[in-house]
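Open your viewer and keep the selection tool at hand. This tour goes stop by stop. At each one, select what is named, then look.

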Number of protein chains: 4
Amino acid sequence: MGTSGFISGLLDTISNRGRSLFERGKGPAALGLNGGRPDFGPLVEALLSGRGEASGVARARRILDLWTAANDDGKRDFLLLLARVYGPRLDRLDAAIDAYQANPGPSTISAVSRAAEPRRQEVLRRLNLAPGGISCLVEMRRFLLTIRGQDPTLPALDEDFVHLFSSWFNRGFLVLKKIDWSTPANLLERIIHYEAVHQIHGWDELRRRLAPPDRRLYAFFHPQLVDDPLIFVEVALEPAIPGTIQDVLAEKREPIDPARATTAVFYSISNCQEGLKGISFGNFLIKQVVEELRHDMPQIDTFVTLSPIPGFARWLDARRHAAGEDAGQDEAFPTPAERDILQALDRPDWTLSQEISAAVNAVLLRGAAHYFLKARTADGRVIDPVARFHLGNGAKLERINPLGDRSMNGMRQSHGLMVNYLYRLEEIEANHEALVTRGEVVAAPAVLALLAPAPPPEEASGGGMGDRLRRLSRRRKVAAVEE
Amino acid sequence: MGTSGFISGLLDTISNRGRSLFERGKGPAALGLNGGRPDFGPLVEALLSGRGEASGVARARRILDLWTAANDDGKRDFLLLLARVYGPRLDRLDAAIDAYQANPGPSTISAVSRAAEPRRQEVLRRLNLAPGGISCLVEMRRFLLTIRGQDPTLPALDEDFVHLFSSWFNRGFLVLKKIDWSTPANLLERIIHYEAVHQIHGWDELRRRLAPPDRRLYAFFHPQLVDDPLIFVEVALEPAIPGTIQDVLAEKREPIDPARATTAVFYSISNCQEGLKGISFGNFLIKQVVEELRHDMPQIDTFVTLSPIPGFARWLDARRHAAGEDAGQDEAFPTPAERDILQALDRPDWTLSQEISAAVNAVLLRGAAHYFLKARTADGRVIDPVARFHLGNGAKLERINPLGDRSMNGMRQSHGLMVNYLYRLEEIEANHEALVTRGEVVAAPAVLALLAPAPPPEEASGGGMGDRLRRLSRRRKVAAVEE
Amino acid sequence: MGTSGFISGLLDTISNRGRSLFERGKGPAALGLNGGRPDFGPLVEALLSGRGEASGVARARRILDLWTAANDDGKRDFLLLLARVYGPRLDRLDAAIDAYQANPGPSTISAVSRAAEPRRQEVLRRLNLAPGGISCLVEMRRFLLTIRGQDPTLPALDEDFVHLFSSWFNRGFLVLKKIDWSTPANLLERIIHYEAVHQIHGWDELRRRLAPPDRRLYAFFHPQLVDDPLIFVEVALEPAIPGTIQDVLAEKREPIDPARATTAVFYSISNCQEGLKGISFGNFLIKQVVEELRHDMPQIDTFVTLSPIPGFARWLDARRHAAGEDAGQDEAFPTPAERDILQALDRPDWTLSQEISAAVNAVLLRGAAHYFLKARTADGRVIDPVARFHLGNGAKLERINPLGDRSMNGMRQSHGLMVNYLYRLEEIEANHEALVTRGEVVAAPAVLALLAPAPPPEEASGGGMGDRLRRLSRRRKVAAVEE
Amino acid sequence: MGTSGFISGLLDTISNRGRSLFERGKGPAALGLNGGRPDFGPLVEALLSGRGEASGVARARRILDLWTAANDDGKRDFLLLLARVYGPRLDRLDAAIDAYQANPGPSTISAVSRAAEPRRQEVLRRLNLAPGGISCLVEMRRFLLTIRGQDPTLPALDEDFVHLFSSWFNRGFLVLKKIDWSTPANLLERIIHYEAVHQIHGWDELRRRLAPPDRRLYAFFHPQLVDDPLIFVEVALEPAIPGTIQDVLAEKREPIDPARATTAVFYSISNCQEGLKGISFGNFLIKQVVEELRHDMPQIDTFVTLSPIPGFARWLDARRHAAGEDAGQDEAFPTPAERDILQALDRPDWTLSQEISAAVNAVLLRGAAHYFLKARTADGRVIDPVARFHLGNGAKLERINPLGDRSMNGMRQSHGLMVNYLYRLEEIEANHEALVTRGEVVAAPAVLALLAPAPPPEEASGGGMGDRLRRLSRRRKVAAVEE
């Protein structure tokens, strides 16, 4: 009550400071910029040399303003300056190493630690003295990522950003908030902008994802970036685990009474800040949302994703055209018969015939089981990035769904397959351990069963896949004429 | 409006999490504590070894709960564990040093930096994953400071705390808030508790410092410690620079119309968190409050402190009893005559006679000028800690006030002297530079003039100080009889 | 700070109550409704007879729930019941009148007042005991207005509603709020819905009216109807008084720096609640917004509307086809020559020729001057309802703008004319008095000058209006062929 | 979330307006007051004559400012002006009556209603146009109550205030808020000030009533008086129905875990606004708090007061000294034996002897049962005002507690007795009906049983009350000597 009002004041203040910073963006001219490439050297030196107190805030603000107004060359100049000039002082580092080697002990080790810290970390910390500094630093990192490969010194600078951001965006500082239809419009606008998995086409669609009683959206915020989410997840409350995203996003849907929902479906997770790439929030987000939902609606007992499989089609393509290296193995995939069936994928209309569709999907499912459970990258990791994320979090591979995403993107990346990862808080630890220590993906029996070679296809309708595809073509032409 | 309401929600959430943490404090028994000294080793190892995601939050919470419930021995165990076991891995450090020495370059330098970072920093960062973790870590540091001298490895651990706190409590994350009589009572209660300079004796006195229109109180908060200020400053709006704290704190005071105030007086600055010792906020606080006040009340043109001189009496005592080492110097202090006069200080009633009081205060003022302007510590710094703080911030030594603080504490620490430090934002930089580079304290002409030796005392009333003191004694006895 | 957080809690509570009421809407079946026409008689009797305390709230809630769920016949039943049965008790009224007539005095007068108050006022007051009752009563009044003419007793009931609403929606209870792009989406959705003057076509257009720095929107709210505005006004900050709404609403507009604006233009005022018809808010709204803007942006010195003239075309039509009753009067309108020119209005393309347009608009302007300054309704009032509103508020008729609104609606209702009413707070009282006491509309000299008969048209281009129109037709046909 | 932030803005605005009104209180001089008795006549006339829009707000504000600054004579002048001059217009009233009598029907009845309304009601409504007007009107009523008897016209004016306040402070507009230790201090200060039943002696005691987990305080607020509660109730959560207020308020109390509480005890209800006397809130407050608590803590199943019996000692005194009018009735009270025992009450030390105390309390309990269940005022109502309130609300007389309040006030007004009224929401209606229709107080069997005449006292210790009192005196003297 009282306190919370007081607290709100705190963040308003932050927010206002951020805003005024934004408004300060005056363009190069007002800042006396010469052609967009300011000379940052003396400014950084002054920032570092002062005790950081007498006028550190003003200096930090000036550097950030200049950087923001600079052109791309100017921006790169600054980052290269940090990367090249503001590493550790080598004379001091060498001296500290000498002392440590002569006399190893707590204080000489400490001295090496201190001497080895790149001075640019202190530069970045002092830049963060400025009000709104953090959002500018996030933008700086975003820019750095675009030029990271251009100079051998830049990756080390990037490491420093990651190091500091890991402190500043520590989980302990993040705040989970429910976003709904009574959220301020400027924030909702960002949600539309940031949704990366299943695009939101305007306000009406946004409303359909937020306003119905059986829909939820949660986001993580950082107190210093209050107008801007870090990551968000969209949740559908359902009576059962859904197999297709079309059902979840359907325009004319009858909402269910949330009290009757038994299943919370995480159907879209979007990272918002490119500049925070590599700082992981998603795992914490899912687990905290699970806790929130369990608290609010104890009758919900199933927490599951409905996820894309972005790497599947590429992998499958490689397998189809690879020499039969798995031949001889019992569970090899694809078998020659499967390879034959998968030819259908080369035609965009393969889903139109129920018969063909059934045959192809059966093979796809077995393929996906291999993809998740058997196939690994060169360095032994699960191939699919989304799978790596959820399985690494301790989720279980619950179900693979044929034609779960019929959108162009869905068909292209995974021939329509979608997957449900199941989050059971009690099993998370064990699942995670199994993966990390034994490389083992925990999956539902039905998924494991998919690994087995398919029974020889019934040839009731006669002919191989070639025949069937030809028949399909004929029917489609007739249909086209009749239309 | 909308957004700010949204924002407020953010911090409520933080606050609630903090609170629930607090409520979770279940005592050793509930946590399965064995005699108050849990075995932290396996817990820390698990915390570090996991990727920090699958169950890092739960592990962090468990360690913090255990530490909070442990007895002092258990608490020390944990800190020693961090200090002794979780430094850098020396094998890796040595390897990195070898590689660096063989081939100095960006990547080998980077590798040394990484290898040299004590692993306990990562432990602390992971502990901060837990909701409310930061407040527990601040408490941990507070405890550490009490045992810091007990083991040679602890200072390095303390450095790690300072390093991380400097990031987490970076100025950019702090929020300035005005505290007034409409602030929630639980927060005001803390203000009463934390006031360290001029004690607040209960709610009525607090009200006198907050509610009148010519009084202000500002505090810095951290978004993760919303119920608890980090530091606060009390401000009196006055028509002129005040010389005594009695006037400022007087119980029956007629408030002035703030629109008529020309002077903002910072009469008390209190740090609240012992665990954040060494993380400096005060300088930022004063400057931001100056900016706030200038914005709200443009007619205020003087920003000044009314400060104690905690080290003066001790220094003076030493000078009085030192051999006359300064003899021969023109401005030497104290001269023999002054020494004579200062004898009066040995009697508690020296202020009762106007005549004696005037003589003594004249000498004290000259002494204080020496104390601030001439005297230095062995390593060349200004002696007085409060002076070091304000002068280091770029303030100017504006005025020294006799009998500015007649409280017992004031008489004991500085024979009643108080001082005004003047903050003029335009001169701060130059003042700071003068002090840092030339060791020069910038002072008002009137203060500089005090350095000159006093004119020979007029002996109108006859006799030396001894005579006068004797006369005083006699008068007092008479008074005592007559009462 | 603290207090405001506390206060916010107050209204959240209200809001929640309102919402839960909404959610309670269970439909007739759940309420045990028999065919949608509940028997309200016993319920109202019970509500009135109880002391209103023991179970008044529950009874009120039940009646409101039933009424909401009833069909239109059921709803009318209830209103007729109030109108017919719950007037004053005539036996008591007669007795009170007898006593008063026998012995006129303070207490007998008082007794008549009490006895004369219709008992349905008490019914309505008790219905308002229920949480969220007020919004249901507003809806009840809205329904009443649709059937008001169906029974001779209903107008008296309507008067009771107006009487109570005037108390409950007293200006002292209304709150002015700025609506902007950070306002919750559910509220913005209502703004789109309620805009009645210049329709808002979706969220993008809404954003254009809210988000640019030179646009404002203010609304009045009632503490009991927090999710729903009562009335709102849209404001454009401009460098000068605009003459056309197209400029104000242009899709590709370069916003101006608000600091450079000198003119605040009220270009749309929409009442939101039909059920509050006759309870006037607009006048207070405009004046309070003027005060807000003057406070925030002292450089703005002109407060003006850009208003439609909904009754002009109808009036003009009547004048064109009326016998020349004003013939002989100096300033009669229209003159035969003007009548001739106005023939152009009968063709939709009259604005396409600059020449014709100029001639027609000159006549329209003179006509509008007559319409505002001379023409009156049978009972002596200004004819135009918008003019009545602003002039009655003390505004001044500042300028009439040809082709100010080229939309279909604008051309139809006023042949494109728009008008600026000027609000100068210092003159409001005098302007209002002039209108009320002398029937005089205060107008700018340029408007007064329009009354004078136009100079004989220059016939430079030869021929009368007929010729010119014919020429225009020819040109258009050519254009059509060429397209 | 978003919306609530928006909403909070609403009330901040209200609050600020109120505050600025307060600050405007400039004193008579600034307002051009002549000796503190302004001439209100022309001002009121202007207020009424205008349409209330053009400058109504400014006029209302001026009148309220003048009234606030006026001296008591000036204030009375204004009220008498309203009372005497601004009744109904008698000419219009007479005409309306004539028309009604000639032709009774809906419209002539309506016309009488309108004509009979005192014009001062419209004056008061227009005064409420001014921001913060309502709080000034409440103060006006407070003042009116102090002079109500001074003029025969004032009671009618008071009725008008009550009439309007009943609308403006309608239950539907009130907001229930929990007050706790995080509530702003300025509000808590008012709670200390307003507590009328068991005085709060400063902030420490306030904290004891708010901060422990087993204590609650709820208040009603009006949106226009946000800084000031209307009424509040203090609640103790207990494991059983308490019999003494000393236990509830004990300084050194071990709070219980609220989850273990089964009983919510309303131990103090205080009305805050004298100016709202006669506008009833308490009943609504209790019932809504019951609902809140049931929602938050479903395990609480008993809602009960711990109430004083302010009229008991006076009534008992009358009974003791009345002639034995009840003689002969079976249950007559007091019997001669009881009268004898009650003599002890005339000595302040009667509670010191357990024996005497037991005897006296037995009689007091029987007396109290008579007082509540049998005794009635001349017009047939329950005598005790607190009992009237709770029983009228539908509570049940649950228990009478000897020595429930040993404070001086408690001993004086009820010889220490306190009573528990039980609120069972399901029985409220029936209890209320029983009281209203049959004059019957619903009481627990144990209370009913008290009505029966006491068994003849056992004379084990020999002698009558006189003997026992004498023995008591002797013992006390001995004790005094021994001390």
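Between which two helices of chain A does the loop with A:P334 lie? Select A:P334 and follow the chain both ways. The loop runs between helix 15 (312-321) and helix 16 (336-342) of chain A. Keep in mind as you look that this is a predicted model.

**Stop 1: a cis bond**

Now add A:F333 to the selection. The peptide bond from A:F333 to A:P334 is cis. Its omega is near -10 degrees.

Jump to chain C and select C:F333 and C:P334. A cis peptide bond joins these two residues, with omega about -10 degrees. C:P334 sits in the loop between helix 15 (312-321) and helix 16 (336-342) of chain C.

**Stop 2: chain A as a whole**

Go back to chain A and show it as a cartoon. You are looking at 22 helices and 7 strands. Of the 483 residues in chain A, 46% are buried. Next, think about contacts between residues at least 6 apart in the sequence of chain A: 73% of them join residues at least 24 apart.

**Stop 3: domains**

Colour chain A by domain. Use 27-168 for domain 1, 172-305 for domain 2 and 312-470 for domain 3. Hide domain 1 for now. The C-alpha centres of domain 2 and domain 3 of chain A are 27 Å apart.

Look at where these two domains of chain A touch. Here 12 residues of domain 2 are in contact with 16 residues of domain 3. Which elements of chain A give two or more residues to the domain 2 side? Select helix 13 (245-249), helix 14 (282-296) and strand 5 (302-305) of chain A to see them. Helix 14 of chain A gives the largest share, 4 residues. By class, the domain 2 side of this contact in chain A has 6 nonpolar residues, 6 polar ones and no charged ones.

**Stop 4: a pair of strands**

Select residues 396-401 of chain A. This is strand 6 of chain A, and 5 of its 6 residues are buried. Now add strand 7 of chain A (418-422). Strand 6 and strand 7 of chain A pair in the antiparallel sense, over 5 bridges. Pick out A:I400 as an example: its bridge partner in strand 7 of chain A is A:V419. In a regular strand, side chains alternate between the two faces of the sheet.

**Stop 5: two positive phi values**

Stay in chain A and select A:H415. This residue is in the loop between helix 19 (408-414) and strand 7 (418-422) of chain A. Its phi is near 50 degrees, a positive value in a residue other than glycine. Is A:H415 buried or exposed? A:H415 has 25 other C-beta atoms within 10 Å, so A:H415 is buried.

Move to chain D and select D:L403. D:L403 is not a glycine, yet it has a positive phi of about 50 degrees. Its loop lies between strand 6 (396-401) and helix 18 (408-414) of chain D. D:L403 counts as partly exposed because it has 19 C-beta neighbours inside 10 Å, and a buried residue needs 20 or more.

**Stop 6: crossing helices**

Finish in chain C. Select helix 5 (residues 72-85) and helix 10 (residues 154-168) of chain C. Their axes come within 9 Å and cross at roughly 90 degrees. The two helices of chain C are therefore roughly perpendicular to each other.

Show side chains where they meet. C:L79, C:L82 and C:A83 in helix 5 meet C:L154, C:A156 and C:L157 in helix 10. This contact in chain C has 6 nonpolar residues, no polar ones and no charged ones.

Technical notes: Residues are numbered from 1 along each chain as its sequence is written. Chains are lettered from A and ligands numbered from 1 in the order in which they are written. This is a predicted model: local features need pLDDT of at least 70, side-chain atom pairs count only at pLDDT 80 or more; totals for chains, interfaces and linings use all residues. Axes are lines fitted to C-alpha atoms, for helices over the stretch in contact, and angles run from 0 to 180 degrees between N-to-C directions. Angles under 35 degrees count as roughly parallel, over 145 as roughly antiparallel, 65 to 115 as roughly perpendicular and the rest as oblique. Two residues are in contact if their C-beta atoms, placed from the backbone, lie within 7 Å. Ala, Val, Leu, Ile, Met, Phe, Trp, Tyr, Cys and Pro count as nonpolar, Asp, Glu, Lys and Arg as charged, and the others, Gly among them, as polar. A residue is buried if 20 or more other C-beta atoms lie within 10 Å of its own, exposed if 12 or fewer, and partly exposed in between; C-beta atoms are placed from the backbone. Domain bounds come from an automatic or database domain assignment. Two strands pair if DSSP finds at least two bridges between them.
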